[in-house]
Amino acid sequence: MRLGALYTYWVPLGFVLAVTIIREAVEEIRCYMRDKEVNSQIYSKLTARGTVKVKSSNIQVGDLIIVEKNQRVPADMIFLRTSEKNGSCFLRTDQLDGETDWKLRLPVSCTQRLPTASDLLQIRSYVYAEEPNIDIHNFVGTFTREDSDPPVNESLSIENTLWASTVIASGTVVGVVLYTGQELRSVMNTSNPRSKIGLFDLEVNCLTKILFTALVVVSLVMVSLQHFAGRWYLQIIRFLLLFSNIIPISLRVNLDMGKIVYSWMIRRDSKIPGTVVRSSTIPEQLGRISYLLTDKTGTLTQNEMVFKRVHLGTMAYGFDSIDEVQSHIFSIYTQSQEPPALKAPSLATKVRKTLSSRVHEAVKAIALCHNVTPVYESNGVTDQAEAEKHYEDSCRVYQAASPDEVALVQWTESVGLTLVGRDQASVQLRTPGGHILNYTILQIFPFTYESKRMGIIVRDESTGEITFYMKGADVVMAGIVQYNDWLEEECGNMAREGLRVLVVAKKSLSEEQYQDFEARYVQAKLSVHDRSLKVATVIESLEMEMELLCLTGVEDQLQVDVRPTLETLKNAGIKVWMLTGDKLETATCTAKNAHLVTRSQDIHIFRLVTNRGEAHLELNAFRRKHDCALVISGDSLEVCLKYYEYEFMELACQCPAVICCRCAPTQKAQIVRLLKERTGKLTCAVGDGGNDVSMIQEADCGVGVEGKEGKQASLAADFSITQFKHLGRLLMVHGRNSYKRSAALSQFVIHRSLCISTMQVSDIPAPCLVSFGHLIPDRRRVSMFVCFLNPHSVFILLCLSGRENGRNQLNKN
């Protein structure tokens, strides 16, 4: 029995290993180059020699780093100075926590008062900070300046921090580096990346193990037919080598070559331009996805709020009727040079003035009740000081903690009432006639997730009137405003259109009422025990019988073709879950707007639970509902997973859609992991921000959307796309075709190996080699045929045969 030269066995094996190693090496080199690019971003550092440039990878704890507007914060820092005149700055945190609201940050007081930034090097001070942890919403520390008499001690909170992966939205800031490397909040909220092995590869490995078992069994059978005569153990080895073609060694190299071609096809597809394949080992996974978990901000939406409608009960105005609103405002402010409060309507225009005054009060309330600050920048023609002095429209930019507030203020500007100035004590509005209205800010009650509303008390400088304005979610404002018969109905109508609804109300206060409130409010703020409860009680004493002015509706614009893409994926049997760090109301509106939740579908909003008993009751209430979408917050999710993990996941997997809001990055990854463990199905995670990296790396297939907010998710993902709509073609066409072709190729190679082994043992001619004009003469030709010739020709035929079917597959599904 001739076995042939030994190199005919190890050369094919070596070739297979070489191809695999080279492919993996190329991907590792690309990953290294991407990491090097991110770590080589240049920042300015304050030193005794002046300002020097430093790479982000060389930044150390204690460095004084200058971060410009729209620049990403390179490390966790304490905010020391800002160039803004109001002594604060705004921070975009959507890449860290997924929230679209901008955050207001305040510098350390004693360092902000220094004449210049270089004076920071002349003081002697230190920062005491807590140990690194994953909590991105809280911080405890102190700043001590030792060279002053007496030493200055200032407490530090989350308002004084600049976390890595956030973006400076206003001005230029200086900070001292507190944490770097693995101690960063963003890094600690990111799970360690794992090496992903496709399910198809695992199935092929399982088949290979079965074939190896069959090889051993056949060899033992052949030896047993010889009754284990002589040195039978050597005969077993000879049979193992002779039948080694049963194990498809060439299948690995052919599959690897196929994956390279699949990746090339994805990159070359003109219908999904800009798509990048960062992991070429799992293209077949794309065609076997059962659960799609997607972020909201920047993935489904453009994060650009657009004003859609204002409703006054009897009248509603949108963009198509903006001229009518302008005429009402114009009639109020231009019929007389006096302010509107000093004018008396004539009998001939009484009806008209009644409607105009209602519109005016609503627009004025929207223009005053917010935290928006107008900032003036040089436009190349007018410098910043001149623009700020004359309120130049072309140089004005609005900055706020929430993009929907900017949309509302921009709408009031479009109808004639423009916010032109604001500081911590006053607000200035400009009328259509150019008259400046001055208001003194007496109190501000900021928005919180518990109260779901914000308020402001202002004094009109021209009339002395004191007015309390408030806006908030309809669920809390319904009990605050005076009785009416249209609020609930119109809120429902606007919510069904996917709009974010805010209820705006006001209440006029006398001087005596305000003085009484201020005394009680100051006393509550000085309380040591239960301060927040006492403050809330005092504020609630004002929030009674307020006059309902209007409803506003804004929309977070969806990306192009999000709705048809989600519809296609759902029709293909893929369940879509939305995991976002944004607020519950925003997430619910976006889900409705994207048709993730259909209009006829019920929505079960999981009540906030804090203990095991409450979670048990709420799960029982949810169990009684059928075919309804689930909306749950991160806090409630944490309690449910702690006590009722199996029950919750069982109920959630039965829902047609799940929306998880206020999710931390680690919670997103935990949900993906539980889905894989409980269902055994393949998952795909899609996101665009740094807060999505853990989820993307945990999923069987991670897709990053490369947008204007950065490339963190894109660099960490297996596949990178430029728009969410490209996901449909990526999964339904390329994923499906890759899986079908690899499956057909694997079946052919395994079948061919079995045929060759059978021919060798029976010593019969090989019908498939008639074209060569001879039989299989030796092991060398068999190895050449198995590894190099036959599979590639078959693979090319498979690619060509599936090409036309793949083009129309997206429409078919």
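Mentor: UniProt positions are given here in the numbering used for this structure, with shortened feature names, and such annotations may be inferred rather than shown by experiment. The model is predicted: local features need pLDDT of at least 70, side-chain atom pairs count only at pLDDT 80 or more, and totals for chains, interfaces and linings use all residues. Residues are numbered from 1 along each chain as its sequence is written, and side-chain values use heavy atoms, leaving out hydrogens and water.

Trainee: Which residue does the UniProt annotation "active site" cover?

Mentor: The annotation comes from an unreviewed UniProt entry. The residue lies in the loop between strand S14 (289-294) and strand S15 (301-311); strands (E, at least two residues) and helices (H or I, at least four) are DSSP runs numbered from the N terminus. The residue covered is Asp295.

Trainee: Is Asp295 buried or exposed?

Mentor: Buried means under 20% relative accessible area and exposed over 50%, with partly exposed in between (1.4 Å probe, protein chains only). Because its relative accessibility is 2%, Asp295 counts as buried.

Trainee: With which side chain does the side chain of Asp295 make a polar contact?

Mentor: Contact means heavy atoms within 4.5 Å, and residues that Asp295 touches include Leu579, Asp688 and Met695. A polar contact is a pair of N or O atoms within 3.5 Å; within protein, one must be able to donate a hydrogen and the other to accept it, and residues adjacent in sequence count only if both atoms are side-chain atoms. At 3.4 Å, the partner of the Asp295 side chain is that of Lys668.

Trainee: Which helix gives the largest share of the largest nonpolar core?

Mentor: A nonpolar core joins buried Ala, Val, Leu, Ile, Met, Phe, Trp, Tyr and Cys residues through side-chain atoms within 4.5 Å. This one has 43 residues, and Val325, Val363, Trp411, Leu429 and Tyr469 touch the most other members. The largest share, seven residues, comes from residues 350-368, helix H9.

Trainee: Which strands stand at the edges of the six-strand sheet?

Mentor: Strands pair if DSSP finds at least two bridges between them. The open, antiparallel sheet has the order S2-S1-S3-S12-S4-S10, and within it S4 (76-82) and S12 (173-179) share six bridges. Each edge strand has a single partner, so one side is left without a neighbour in the sheet; these are S2 and S10.

Trainee: How many bridges join S19 to S20?

Mentor: Five of the five residues of S19 (418-422) are buried, so this strand is largely enclosed by the rest of the structure. S19 and S20 form a hairpin with three residues between them, and Gly421 has Gln428 as its bridge partner in S20. The strands run antiparallel, and the number of bridges joining them is four.

Key: Lists of a residue's contacts leave out its neighbours within four places in sequence.
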